[in-house]
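Please open the model in your viewer and keep the sequence panel beside it, so that each selection below can be followed in turn.

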Amino acid sequence: MKTDFDIAVVGSGFGGSLTAMIARRLGRSVILLERGRHPRFAIGESSTPLANLLLEELARRYDLPRLLPLAKWGSWQKTYPQIACGLKRGFTFYHHQFGQSFRSDSERRDQLLVAASPRDEIADTHWYRADFDHFLVREAQALGVEYFDQTKLEAVAFDSQSAQLETERGGERVPIRARFVVDASGPRGFLHRALRLPETLFENFPPTQALYSHFTGVRRWTDTAGGSLMRTVAEPPPYPVDDAAVHHVFAGGWVWILRFNSGNASAGVAATAGLANALQFAEGETGWNRLLERLPSVRELFRDATSQWPFVHAPRLSFRSATVVGQRWALLPSAAGFVDPLLSTGFPLTLQGISRLAGIFEAGLDSPRLEERMNEYARQTLQELDVAAKLVATLYASMSDFPLFTALSLLYFAAASFTETALRLCRPELAGGFLLNDHPVFGPRLHSCCDRVLQAFPHGGLTATARASLIDDVYRAIEPFDVAGLCDRSRRNWYPVAARDLLNACGKLSVSQTEINQLLAR
Ligand SMILES: Cc1cc2nc3c(=O)[nH]c(=O)nc-3n(C[C@H](O)[C@H](O)[C@H](O)COP(=O)(O)OP(=O)(O)OC[C@H]3O[C@@H](n4cnc5c(N)ncnc54)[C@H](O)[C@@H]3O)c2cc1C
């Protein structure tokens, strides 16, 4: 049995398998080590336009054509109907007051619908990870990746040339040597423990917890009293509101619901530790039911629902490793940190990191610039996690003030849609890093808007004047980057994907209307 490899990848979630496949395509010998066994339950399912674009780019660049259909709902359904997934047409938010049923406000101040695609065929998806990750592992094996599941990693030692991994499989000790180790084992994963890597906190980020499972029988919002207005209004919503990442937001937390085409749904809650402890999330299903008691309209959605798995309680949801790389090893972004599911940032950050690591592998593990490249990878990984954490912390601080929450979340939607469009137009130089963080104009404005909320929050929040001027400043900040009509307040929080918005924004993207039309035709 071969025990000497160029690259060892620890963890066979989608991140590990994809990294292993790319390394194989670059001609490396690769071993993928997994402690569990597929198919298995995994959380983290909702993809975004940017995540799918990155997946598509990786599939094209590294000759992985069988992954291409997974980047869009339509091609996925046509090519791999056996791999369960969900249709995600956009981001749906409803705001709830504890103890009160949702009663739709005619000005829609209690909801936000942001479409991510104009039609189902090219829409995003929720990845049913049990199927999705299993498929990717088999693809990796078909490319020649050696796969060891049910393998215990006992220890690791590094020298300047390689890593020595002590593993145990089926009661047998198997030492493995690799020239480089990629840790894809998730937050607080293998290398974090084996090397006792230090953990740091995200600045200003509240301690949070999560509680989640998969369910059958979750009703659609439009079939409940809370969503009944959706059926009666003359103006149809920009997309079917349940075919989305659905967020039910309340003071101190939010509930997600992601529906799969197999009839089940992923649902859970993320909340500040104060609220989570008050509701006793640690008790699992009982804690969940206590939460639903406070949210009558959400409770109605779960009236006939049954959980398919025991509830998972995450007592410390966010995580940030102080160290991301070392001699002969690197953590994937998903192993280096996790913020919150709120803006579905996990997949794009992981895929971005895989793309960067792939570049490092391409340049060669003997390159004299290896250390410099690895340090840059670490810097970018932490910087992107930090900016995501800052925006999500700001949103947590405004969850009791939904109009403010809505305005602030437009910072995300403006940056994400601008970046996606710039990349699709093959103009990456226009998009300055994740959330346009490196953009000389947008980056400082994003930080300034967040800082104003975060600084005021411990002192009772913003004054009415400061709040109004902040909301205006958010619109001013996003206007030069708005390619999705987000600044049009007459839309009253419903934002479709409309060709005219992109055409109107061609100047912001430094392209002609013809180029936008060509993009739309593609
Ligand atoms: C509650 C929650 C909701 C989320 N929702 C979203 C979302 O909607 N959208 C989004 O983009 N992101 C979301 N995320 C983040 C998302 O889950 C991660 O980005 C994603 O799972 C990363 O994939 P991965 O393959 O790198 O790691 P993982 O999915 O964490 O897989 C790690 C693998 O490593 C294995 N492993 C662990 N330890 C070891 C070990 N010692 N030895 C060998 N194998 C090991 C595990 O068994 C597993 O198979 C969410 C995260 C959480 C916690």
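The tour starts at the ligand, moves to two helix pairs and ends at two backbone details.

This is a predicted model, in which local features need pLDDT of at least 70 and side-chain atom pairs count only at pLDDT 80 or more, while totals for chains, interfaces and linings use all residues. Residues are numbered from 1 along each chain as its sequence is written, and side-chain values use heavy atoms, with hydrogens and water left out.

Select the ligand and the residues near it (a residue is near if one of its heavy atoms lies within 4 Å). Of the 30 residues around the ligand, those that come nearest are G15, E34, R129, S334 and F347. Coloured by class, the shell divides into 13 nonpolar, twelve polar and five charged residues, where Ala, Val, Leu, Ile, Met, Phe, Trp, Tyr, Cys and Pro count as nonpolar, Asp, Glu, Lys and Arg as charged, and the others, Gly among them, as polar.

Next, display the polar contacts (pairs of N or O atoms within 3.5 Å). A polar side-chain atom of E34 lies 2.6 Å from an oxygen atom of the ligand, a polar backbone atom of F14 is 3.1 Å from a ligand oxygen, and a backbone N or O atom of S344 lies 3.5 Å from an oxygen atom of the ligand. The ligand taken alone exposes 990 Å², of which the protein buries 88%, with accessible areas from the Shrake-Rupley method and a 1.4 Å probe.

Now show the helices, which are DSSP runs of H or I with at least four residues, as strands are runs of E with at least two. Both α1 (14-25) and α11 (346-363) supply at least two residues of the shell around the ligand, and α11 gives the most, with three.

Keep α11 selected and add α2 (residues 49-61): the two helices pack at an angle of about 25 degrees, with their axes, which are lines fitted to C-alpha atoms over the stretch in contact, 8 Å apart. That makes α2 roughly parallel to α11, a term for angles under 35 degrees.

Which helix packs with α12 (residues 370-397)? Select α14 (residues 442-456), which packs with α12 at an angle of about 40 degrees, the axes being 9 Å apart. The two are therefore oblique to each other.

Finally, centre on the loop between β2 (30-33) and α2, where P39 is found; a cis peptide bond joins H38 and P39, with omega about -5 degrees. In the loop between β19 (325-326) and β20 (329-331) is R328, which has a positive phi of about 75 degrees although R328 is not a glycine.

Technical notes
Polar contact = N/O pair within 3.5 Å; in protein donor to acceptor, adjacent residues only side chain to side chain. Axes fitted to C-alpha atoms, helices over the stretch in contact; angles between N-to-C directions. Parallel < 35°, antiparallel > 145°, perpendicular 65-115°, else oblique.
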